[in-house]
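Got your viewer open? Let's take a short walk through this model, one selection at a time.

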Amino acid sequence: MAESNKVIIIGGGISGLTAAYYLQKEKQQHELPLDVQLIEASRRLGGKINTLKQDGYTIERGPDSFLERKKSATRLAKEVGLEDKLVPNGTGQSYILVNEKLHKMPQGAIMGIPTRIRPFLFSGLFTPAGKIRAAFDLAKSKQKAGDDQSLGLFFRRRLGNQVVENLIEPLLSGIYAGDIDDLSLQATFPHFYELEQDYGSLIKGLRKTRTRPPKKAKKPSMFRTLRHGLSSLVDATADNLEPGAIRKGLQVDHIEKKQDHYHLLLSDGTVEKCDAVVIAAPFFAAQRMLSQYAFMDAFKEMKATSVANVVMAFDKSAIKKDIDGTGFVVSRNSKFRITACTWTHKKWPHTTPEGKVMLRCYLGKPGDQEVVDLPDEEIVAIALKDLNQTMNITAQPDFSLVTRWHNAMPQYSIGHKQRLQTVEDNMRRELPGVYLAGGSYKGIGLPDCIDQGEAAVDHVLQYLNLTSR
């Protein structure tokens, strides 16, 4: 029998677990000589995925869902036996808080870009001048193809400041928890750049390329989650791995290249020898583990922001001004310190006991990072103050839960795609058999991270000259 090739995956978030699962699947289906091991620095798996069950509530402390149209997350859930636990989001109106008032999201807006004229014209989000400026997108010539640019610059040039500040920025900043005037267009939404290049207008491009549902069709659910929380996906994936494949509470301090293999120096003083490595860890951890390579210094230019969220549970009677919808995002021009609020009991009805309400507020916008480190009671007070002004909530919650994610949101700043390409090109030359995967690199959503874990599997199998999927 051929000698086994040892593959070590560093990081037990969803990218690392995905890589471990699909590598093991290849090993079993094709009888490959593989020994797969996953090493996680903390005592728990899942990274930012963290579900808590309390008093009949299912509480997500990290992400609460994934996009349905990106198929890899649904596919993984089905593979690990959770197909019957997939749940679509409750659909409903979403809002934007501008000038201390909740405005309905204009129908037909895609990531804040209008595709239907009537809802946009009658929206109170914009002044007449703002609406006229946005319409310039239909006539404004496309920009000459060139270097990367910020999301903010791109959208302001096409649609004007008002649409950006009152609609696009709250949506996009909510996804990336960053400053859209620093975030890279090519690394986040290259599709919009391609629409401009192909159609000369974002509005025209979206109207020509979007899929139109039947006129009387119910609004489709964009998101999916799992009935028992996203941690059930982490647990099921881990449970499908072979006994002894996961080692927790152990940090990889350093990676050394030898003649035909790698040595991993671990925090307990031991050394692991392996043939290939998947680094499914944040950019700063990857840079630390490979600090002897000057090309990894590119990651020193990367930034990460911190965010906090606070979950609050109430009796239904505490909500004096109930609103038919799933939540709202907040314009950055607002004096409010929360950046968004999800009405979890409406978006995900299965998470909340009958007669109860669960709200989830987010804090930590650019320029207000210090809020993340305030004591729990101050964060709760800030959220309640803002909610009182929007929903007339004056009661104290039955309970509250604050979660902080320090330096957890990688920022894909201008030039990110090129910097990453340079790092990966150098890794191919100097560190063959070592690959990156995870939210720091090519997408932060769950499906994006799963896609990167799957891509790492293909790279490893190709490098080891084993059967490719």
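**Stop one: a small hollow**

Begin with helix H12 (344–347) and strand E18: each of them supplies at least two residues of the lining of the second largest cavity. Keep in mind that this is a predicted model. To see the whole wall, select Ile319, Asp322, Ile323, Trp343, His345, Lys346, Val357, Leu359 and Met391, which line the second largest cavity. The space they surround has a volume of about 40 Å³. Now colour that lining by class: you'll get six nonpolar residues, one polar and two charged.

**Stop two: the largest cavity**

How many cavities of 30 Å³ or more does the structure hold? The count is two, and the largest has a volume of about 130 Å³. Its lining has 14 residues, and those closest to the centre are Thr58, Glu60, Asp64, Thr344 and Trp348, so go ahead and show their side chains.

Next, pick strand E4 (57–60), strand E9 (223–226) and strand E18 (356–363), as each gives at least two residues to this lining. E4 provides the largest share, with three residues. Colour by class again, and the lining of the largest cavity shows five nonpolar, six polar and three charged residues.

**Stop three: two helices crossing**

Finally, select helix H5 (residues 151–159) and helix H8 (residues 190–199), whose axes come within 11 Å and cross at roughly 35 degrees. Is the crossing of H5 and H8 left-handed or right-handed? This one is left-handed. Zoom in on the contact: Phe154, Phe155, Arg157 and Arg158 in H5 meet Phe192, Tyr193 and Glu196 in H8. Those contact residues split into four nonpolar, no polar and three charged.

Technical notes:
Residues are numbered from 1 along each chain as its sequence is written. This is a predicted model: local features need pLDDT of at least 70, side-chain atom pairs count only at pLDDT 80 or more; totals for chains, interfaces and linings use all residues. Side-chain values use heavy atoms; hydrogens and water are left out. Axes are lines fitted to C-alpha atoms, for helices over the stretch in contact, and angles run from 0 to 180 degrees between N-to-C directions. Helices (H or I, at least four residues) and strands (E, at least two) are DSSP runs, numbered from the N terminus. A crossing is left-handed if the near helix is turned anticlockwise from the far one by less than a right angle, and right-handed if clockwise. Contact means heavy atoms within 4.5 Å. Ala, Val, Leu, Ile, Met, Phe, Trp, Tyr, Cys and Pro count as nonpolar, Asp, Glu, Lys and Arg as charged, and the others, Gly among them, as polar. On a 1 Å grid over the protein atoms alone, a cavity is a set of points where a 1.4 Å probe fits but cannot get out, and a pocket is an open set with protein on both sides within 12 Å along at least five of seven lines; lining residues have an atom within 4 Å of a point. Grid points are joined across faces, edges and corners, and a volume is the space filled by probe spheres set on the points.
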